[in-house]
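Dear colleague,

I am passing on the structure we spoke of, and below it I set out what was found. Please read the notes with the coordinates open beside them.

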Amino acid sequence: RSSDLYLEERLGVQLFVRGRYSLTLTEQGRRFLTEATEIIKRCDNIREIVKQENDDDRNVLGLLSIGYQGFLDTKIMHNTLKSLTKKYPHIDFSLSRDNPAELRHHLLINKCDVVFALNTCFTSIPNIECIKLQKNELQIAVPQNHRLSKYDSIDIKELANENFIMLERKISPFTVDYATSLCMKNGFSPNASYYVNDAEKALLLVGSGKGITFLHSKNNINSPDKSYDIKVLRIEGIDNDLDFVLAFKRDNTNPIIPTFISELMSFNETISSHAK
């Protein structure tokens, strides 16, 4: 009895369409192939880990797929990768920079094992674990000669008549929705004079006097005030759910994830202790 017939018999479904000189997959067969390929990949990854000749940590093998959100401060990620590579030189990394919506999708379909992004990207999604790394706040960037630039913080109601430079919603739907909701709760809808697909473009327009924009406190721009001729202001009296986190699926079996998280938390604790 051929192996393909035996497999169909065990599963109770038809996997192949058999011709005289051909063999093609049915719809059930295609689904089976996708799942089987994923299982084999995971098994190969585990086998590479457990077949080590000794317990020396430097022999740890595997591939970790990492997603991260552009424009956020990724210093923690970079230093963790550097430290992990030194300790475990046989671990490989796949890096993917994308917008929040795509990162969330990649995490859910296992294209990414871990993702560095904002907590709001994963709110209310079951089976997702988020480890808080850094506090992040929504701020306002205004031109240096703006009427509010003499302040360090403002009440958001002061912005009701301002022209906003907004990110296109498809680029960062969670932050855009949060910012819009924040304005609406304070009695106004933000008047968008420009829509841009990149936060740096927004800052360039702000520095040129075209309006104001929202800005994350954990951005990857050194001294944005000087770089873009702007003033960054805190927003008073708001509760942020925009903390910078590492997210991963609880049922992801990649054995490199715990090792990566351990190294990440160790580095993050060092940073936190130095900041106190």
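With which side chain does the side chain of His146 make a polar contact? In this predicted model, the partner is the side chain of Glu162, at 3.0 Å. His146 sits in the loop that runs between strand E7 (138-143) and strand E8 (153-154), and it counts as buried because its relative accessible area is 13%, under the 20% cut-off. Once neighbours within four places in sequence are set aside, His146 is in contact with Glu162 and Ile212.

The two strands that flank this loop both belong to an open sheet of four strands, in the order E8-E12-E7-E11 and with mixed pairing. Its edges are formed by E8 and strand E11 (213-216), each of which pairs on one side only. E7 and E11 run antiparallel and are joined by four bridges, and Ile140 has Phe214 in E11 as its bridge partner. Across E7, E11 and strand E12 (230-235) lies helix H5 (residues 173-185), which runs at about 80° to E7.

As for the interior, the largest nonpolar core has 35 residues, and those with the most contacts inside it include Ile66, Phe116 and Phe260. Among the elements that give two or more residues to this core are strand E3 (62-69), strand E5 (114-118) and helix H8 (256-275). Apart from this core lies another, of 21 residues, among them Leu138, Ile140, Val176 and Ala179. Returning to Phe116, and not counting residues up to four places away in sequence, its contacts include Ile66, Leu133, Leu246 and Phe260.

With best regards

Methods:
Residues are numbered from 1 along each chain as its sequence is written. This is a predicted model: local features need pLDDT of at least 70, side-chain atom pairs count only at pLDDT 80 or more; totals for chains, interfaces and linings use all residues. Side-chain values use heavy atoms; hydrogens and water are left out. Buried means under 20% relative accessible area, exposed over 50%, partly exposed in between (1.4 Å probe, protein chains only). A polar contact is a pair of N or O atoms within 3.5 Å; within protein, one must be able to donate a hydrogen and the other to accept it, and residues adjacent in sequence count only if both atoms are side-chain atoms. Contact means heavy atoms within 4.5 Å. Two strands pair if DSSP finds at least two bridges between them. Axes are lines fitted to C-alpha atoms, for helices over the stretch in contact, and angles run from 0 to 180 degrees between N-to-C directions. A nonpolar core is a set of buried Ala, Val, Leu, Ile, Met, Phe, Trp, Tyr and Cys residues joined through side-chain atoms within 4.5 Å.
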